[in-house]
Amino acid sequence: MADGKLVSIDKTVEVLLDKMEKDGVESCWDRHLQQEPRCQYGDLGLCCRHCGQGPCQIDPFGGEQQKGVCGATAETIAARHFIRMIAGGAAAHSDHGRGVAEVFLAAAKGEAKGYEIKDEQKLLTMAMDFGVEIGDKSIEEIAVEVGEIALAQFGQQEGELKYIKKAPLKRQELWHKLGVTPRGVDREIVEIMHRTHIGVDNDYKNLLLQGTRAAIGDGWGGSMIATDLQDALFGTPYPVLGRVNLGVLKEDEVNIIIHGHEPLLSELIVVVSQEKEMLDLATSKGAQGINLVGMCCTGNEILMRHGIPVAGDFLQQEIAIATGAAEAVVVDIQCIMPSLPSVADCYHTKVISTSPKAKFPGATHIEFDEHNALNSAKEIVKTAINNFPNRSRNVNIPKESVDLIAGFSYETINYLLGGMFRASCRPLNDNIINGRIRGIAGVVGCNSVRTRHGEGHVEMVKELIKNDVIVLQTGCSAIDCAKAGLMVPEAAGKYAGSGLAEVCETVGIPPVLHMGSCVDNARILIAATAVIKEGGLGDDISEMPVAGAAPEWMSEKAISIGHYFVASGVYTVFGANFPTLGSKKLTKHLFEELEEQIGGMWGFEPDPVKAAQLMIKHIDKKRKALGIDKTRERVLYDMAMRRELEAV
Amino acid sequence: MSKIIASAGIRGAHKIVERAEKKWKEAMDKWGANEPVGFPNTAYFLPVIYGILGYKVEKLGDIEWVVNKCKDILPPFVKENVHLPYLGPALDAGMATFFAEEVIEAIKYLEDPNCYTKQEDPTEDNLWLGAADDVILRKRGVEFVDGTAPGFAAILGAAPTNEIAVKIAEELQLKNLYVFMAAEHEGKRFSEQLQEEGVQIGWPTRLVSFGSDISAAVFAAGFAIRAAMSFGGVEPGDFRKLLIYNKDRIFAFALTLGYVTDEWYANGLGCVNFGFPVIADTPIPEILPTGVCTYEHVVSNVPHDQIVQKAVEVRGLKVTVAEVPVPVAYGPAFEGERVRGADIYLECGGGRTPMVEWLTTKEMDEVEDGKVEVIGPDITDVQPKSKLPLAICLEAAGRKFEKDFEPILERQIHHLVNYAQGVMHIGQRDIAWLRVGKGAVEKGFKLEHLGKLLYAKLHQDFGTVFDKIQARIYTEEDKVKEMEEKARKAYAERDARIEGMTDETTDTYYSCTLCQSFAPSHVCIVSPERTGLCGAYNWMDCKASYEINPTGPNQPVEKGECLDPKLGMWKGCNAFVEKASRGKIDHYYFYSIVNDPMTTCGCCECIAAILPMCNGVMTVSRDYMGETPCGMKFTTLAGTVGGGLSTPGFVGHSKYNICQRKFILGDGGLKRMVWMPKILKEEIADRLKARSEEIGIPNLLDMIADETVGISEEEILPFLEEKGHPALTMDPLM
């Protein structure tokens, strides 16, 4: 059996793995051990199963096997595999976005009871980005037009995605020059599938370009649309106090864990779970209340908007059930382990699947349908409440839970830095330029059993903030750093370098900012662009002192995110393992040549502290290029200089 | 923001908003919703509220919306642990503070209409001046625009001793800054400290005692925001632009002297929102990271002898202080100081004795640079309250020196002498008047210092146009009279030469973009027959200014091909305007008000407007506060057409320009003038008579209506008809 202390930095894992062992339940870490040794061909990206003649494997040590049956080389095979991962990730984000667009449109048309446009400002901003004429139109009319355009973006065949225009001009020009501006969201994914079919595109650099185009279609397309529509529909997040880790489960209340990625259903469960009818029902079953908690990115969504506690990250989904205290685990899509129903079998927990796209043998299926969403939500909550009396005495809720501040949307950061009358990124830019903040890092992504759970995120982020790099986070990475106490304002004085700490004290923020779920990485792109537009830090994201990382990545979505960061001009370092290492040429292309081509490039470093140092080195390189590596003289203005100022 | 500052400031804002609401409710009970309310003589209502929110408070009832707005934007208190971010919310709290303080102050005016002097100076029994009205704003605002005053210091509280207060005030004055004072510390107020020490307080000496309470600090914000609206042309309600404008162009800061209360912190947050940093003499927390202000936001625990220097540095302000060899303090801040009654030690001129000032050109070998001779008795030779005749004769020489520069340099004598603390100067030429106060004499001021300071300052400001200058100061009656006679001859020659210049015979005009520090698209082009609209720069001044500083705001403009001789348009001028306005304006007419007139900045002395019913134009000068027939007061007009716009139907111009031959000549000229305020008519009566004789309507002055005839077109039209005003029979204006 896996040793909790070795596999995770989180005490809850140790406690609950012990319990699972006692209860005779298998965990992902157990299965991880069973999977060893991993297939090395697969691990290095050198195994091809794209046609019936294979599997073909390339010898990484230079032996005879240097080509597949069809003649595909290591770089072709690894590149095809790599961009298919992009396709998988982009498809996941984008299908999520499409789902949101459908609900949004239904809500705009008044066909989805329980939903309404909560953030009109965001809607109007989208309308302007989409070129919708506002005139005298009602909010509903505008919303219908925005929804229709948003939905059409996915299937668009020609031209370019509307949100490309939000990128820095220089970046747009570069994308045009390279021919990687996405025409539509779906089309680029489909084209990957086509080009990676046997006997189509065999030039790894050309394959990569299509991967780039699809990834941009994710970051600046599907994901960005998803985030914006979710904000318009449920409200743009504003800083909120929350709590994180399994200690948020309650002994005496009905615990409902909402796990997955979409906020569509969870938002309604938030509402329904506090209705009197449900609370009465809970009381009648002997519970003191209904305790809704999140997990993974659905958890992040309701944390960001309502401060609902987060029970844990991807790797805590099984152990959450093993507490014996969960009445229901409600799941929708993405990153939900198929093992959940079998873990739940040993306890009273009901695993409730809700998406027609994601069914789990052994789970209860209560289908969520936006036209009947409130009823679905009620039925789910009732199912959980009715399950409360079935809870056995075999309960162990870990004590661990800590506070965090979440809810840092780009709009909010802008407001926080200047108030409602002077909202802007100016203070951020200023303090990057004057060196109090050395740079910005986006540390995002998953958990993987192939690294020590949480260690990669926490150690990397600590190293970054110690060196005055402010960190923006999403997804499970954010949850892990929150659990380590890095997302409270007090963390600045404790962990951050003096410059960053001073800025945090000025704004009243933690040194590590929670920006949402993994689909919300688009927020980081928009924030970076806003910094560019504010001035003084170059004309393109690739000129900024920024870097990205996913030290514990595991999903295809992470590869797609990583690649759209690279395609946006960001140096992005992954940990754990890297899927192209079998091809030196491809890896060199990704790690070095891309910088020349597109301004950003990949990196791989399993040691999180070393990875952080690579990021810092890159940030320093960019600072130097911008000429902000030296102390600046204080400029005193006389009248002649004031006359030279441009009008605002 | 530091947590302590944000927490305290937000608490303070809550208290101030509560106080405002309470005062407002009491006022409502007493006077009712329809009671008019506001600051005196202003077109900007309660200016911070009007500027930031675009909302006009005219009656008590209007305040309800403001109070609700304040409550809306007031953030919750900052929690001790795991608090939410506070910078943005704290800045909002600062703004709510200013809104609430304007409400409090407006109600104060209602409760006691005489709580403030409502003028430039304190009175016998009232030290507190209250809000600057629009006349003061314009008069003083111009100094901010041209750089005479680079900014202001808002002082809260009191210095530990009167002596320190006087030192700080003087140091600020020496840096040419205005000093706005409010609030108390341990029962003491900075203004009172200065008063106790006999320092002259009031707008003329730049030491402005706004009020005794902290809420009077909002008058400083109101001044800044009105400067942005009236000189910068920023629209009310365009809050972002207004605040950035203040950050970039109004070089102000706050000095807190004494214990910083929650309410002070709240005001500090308001200041930071405007980009004005706070410098404290107490060990409060600092906010050093930059961003909202240009540099640090709060710097604390600064010793009193360094506080002014520190503040100027933190604000990012470059002040060049002239080193002038006189035993008294010296700078523009002392220009408005008076010497009166028992204070007078020596008096010259002013009708009491002969006095003359004359600058003339000499050959290089005739001038010994820096030589100052006093011929006759000096101050040390006479008793207090003496009178002496006086001639100040300056002789300049240099390869680049032209006769045309004589009057320009000579005209400097007035303000340069006035800059000396304890010395008062009025007038010029042979109608000058000088008083030297006892204080100055005690410090060792003598008449030779007049020569020394003129030598030093003229070299500093005009040193590029002459090489040498010397001064002779006569105090013997016969010598003075001799000089007077010579000078009068020189004056007559000069005047004749200037009169003879015309636009047609001059190929090079001069630009003036001095005001671009405030109105970035404004471009004056000054021709011999169209002086600058501020009244301060004629063609010759601009020429000299260009000689002095070839890269400065006055540039030669080759007028080029004439595109329209009647309305006055030249190819070269248009090209220059387009470039200098950064593409905002690509042409204008010099002699027209109807067709794309010259741009107007907020500094203009007068604004002319078309009166369609009368088929003529009116003009109003900025010292007239009343209504006019065009339906707008001067200040509203300036807010509408100022800020660097070219607005057909309106044009800014100088008082002098009215009687110049090209004044709106394309539209018919002076004959179109149907209305002027009485004070303006009186001021320019002599020149207007001369000009009207020239155009063959000798009694034109009597035909021009003023406010005693009416302040609407309907009211003045019968008067014009009765007088047979020429405008009525001219071609239709439009």
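**Helix 11 of chain B, the core and the chain contact**

Me: Which elements are among those covering the buried residues of helix 11 of chain B?
Reply: Buried means 20 or more other C-beta atoms, placed from the backbone, within 10 Å of a residue's own; helices (H or I, at least four residues) and strands (E, at least two) are DSSP runs numbered from the N terminus. The cover, all from chain B, includes strand 1 (151-157), helix 6 (162-174), strand 4 (251-257), strand 5 (278-280) and strand 6 (298-299).

Me: Is this model predicted, and how are things numbered?
Reply: Residues count from 1 along each chain as written, with chains lettered from A and ligands numbered from 1 in written order. Local features need pLDDT of at least 70 and side-chain atom pairs 80 or more, while totals for chains, interfaces and linings use all residues, as this model is predicted.

Me: What arc do the buried residues of helix 11 of chain B cover?
Reply: B:Ile307, B:Val308, B:Ala311, B:Val312, B:Val314 and B:Arg315 are buried in this helix (residues 307-315). They sit on the same side of helix 11 of chain B, because their arc around the axis is only 165 degrees.

Me: Which residue just after helix 11 of chain B takes a positive phi?
Reply: Look just past the end of the helix. With a phi of about 80 degrees, that residue is B:Gly316.

Me: Which helix of chain A supplies the largest share of the side that touches chain B?
Reply: The contact (C-beta atoms within 7 Å) takes 39 residues from chain A and 43 from chain B. Several elements of chain A supply at least two residues each, among them strand 10 (402-406) and helix 17 (410-416). The largest share, five residues, comes from helix 23.

Conventions
Buried ≥ 20, exposed ≤ 12 C-beta atoms within 10 Å, placed from the backbone. Arc of directions from axis to C-beta. Contact = placed C-beta atoms within 7 Å.
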